[in-house]
Every structure is written in C-alpha cells, then in structure tokens.
Amino acid sequence: MQHLFAAQVFPVILSLGPPETASKRAGLVASQILGLALTRYVLALPPVVALDRDTILAEVGATVQRYATGA
C-alpha cells in the first residue's frame, strides 16, 4: 500500500497544489479513500453500503478534491 501510495497517489497530488503541503494532502486523500473502502466493503456499515455512486461522488468527491488541491 505504501509503495502504491508513493508511486501513484503522491505524484498526482503533488501536481495539483502547493508542493510544501503535498504530503499532508496526499495523506488526507488516502485516509478518505481508505476510510470509505473500510466502512463500505470491510465493515459493511449499512448506511455507507446503501450510498449510490452519484452520492458518493458528490459527497466524498468534494472532500477528496479539496484535500487534493489544498483549496
């Protein structure tokens, strides 16, 4: 996971916002995505499992985008 993060996620995050905050922003993006995956697929929390794709994109996507860009 760490290699995947370093090789794929970090470079994208680095390109989207200030370089001095890239590590923090990448960590926040990873925490959001992994948290969603954990609650939806591992813990199978009913309210999260019930979310449709459009809702996830709208709700979680906005947070991920804010983390990714630092805006």
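What pattern does the chain follow when read along the sequence? In this predicted model, the answer is α-α-α-α: the chain has four helices and zero strands. Its C-alpha atoms fill a box of roughly 40 × 25 × 15 Å along the principal axes. Of the 71 residues in the chain, 23% are buried. Take the contacts with a separation of 6 or more, and 48% of them join residues 24 or more positions apart.

Let's start with helix α1, which covers residues 2-16. From first C-alpha to last, its 15 residues reach 20 Å, close to the 21 Å expected at 1.5 Å a residue. If you follow α1 along, you will come to a bend of about 40 degrees at Val 9, with a proline, Pro 11, following within four residues.

Next comes helix α2, residues 22-42. Its end C-alpha atoms are 28 Å apart, which agrees with the 30 Å that 21 residues should span at 1.5 Å a residue. The buried residues of α2 are Ala 22, Arg 25, Ala 26, Val 29, Ala 30, Leu 36, Thr 39 and Arg 40. Helices α1, α3 and α4 are among what covers them. After α2 you will meet Ala 44, whose phi is positive, near 50 degrees.

One name in that buried set deserves a second look: Arg 25. Which side chain of opposite charge is nearest to Arg 25? It is Glu 20, but at 7.5 Å away, and Arg 25 has no salt bridge although it is buried; a salt bridge would need a side-chain nitrogen within 4 Å of a carboxyl oxygen. Leaving aside neighbours within four places in sequence, Arg 25 is in contact with Ile 13, Leu 14, Leu 16, Gly 17, Pro 18, Tyr 67, Ala 68, Thr 69 and Gly 70.

Some of those names return as we turn to the core. In soluble globular proteins, nonpolar side chains tend to be buried together. Here the largest nonpolar core has 10 residues: Ile 13, Ala 26, Val 29, Leu 36, Val 48, Ile 56, Val 60, Val 64, Tyr 67 and Ala 68. Two elements, α2 and α4 (53-69), give two or more residues to this core, and α4 supplies the largest share, five residues. Val 48, another member of the core, touches Leu 36, Thr 39 and Arg 40, not counting residues up to four places away in sequence. Leu 36, Thr 39 and Arg 40 are among the buried residues of α2, so this last stop brings us back to that helix.

How values were computed:
Residues numbered from 1 in each chain as written. Predicted model: local features only at pLDDT ≥ 70, side-chain atom pairs only at ≥ 80, totals over all residues. Heavy atoms only, no water. Expected span 1.5 Å × (residues − 1). Bend = angle between axes of the 7 residues up to and from the residue. Buried < 20%, exposed > 50% of the residue type's maximum accessible area, 1.4 Å probe, protein only. Lys, Arg positive; Asp, Glu negative; His and termini not counted. Contact = heavy atoms within 4.5 Å. Core = buried A, V, L, I, M, F, W, Y, C linked by side-chain atoms within 4.5 Å.
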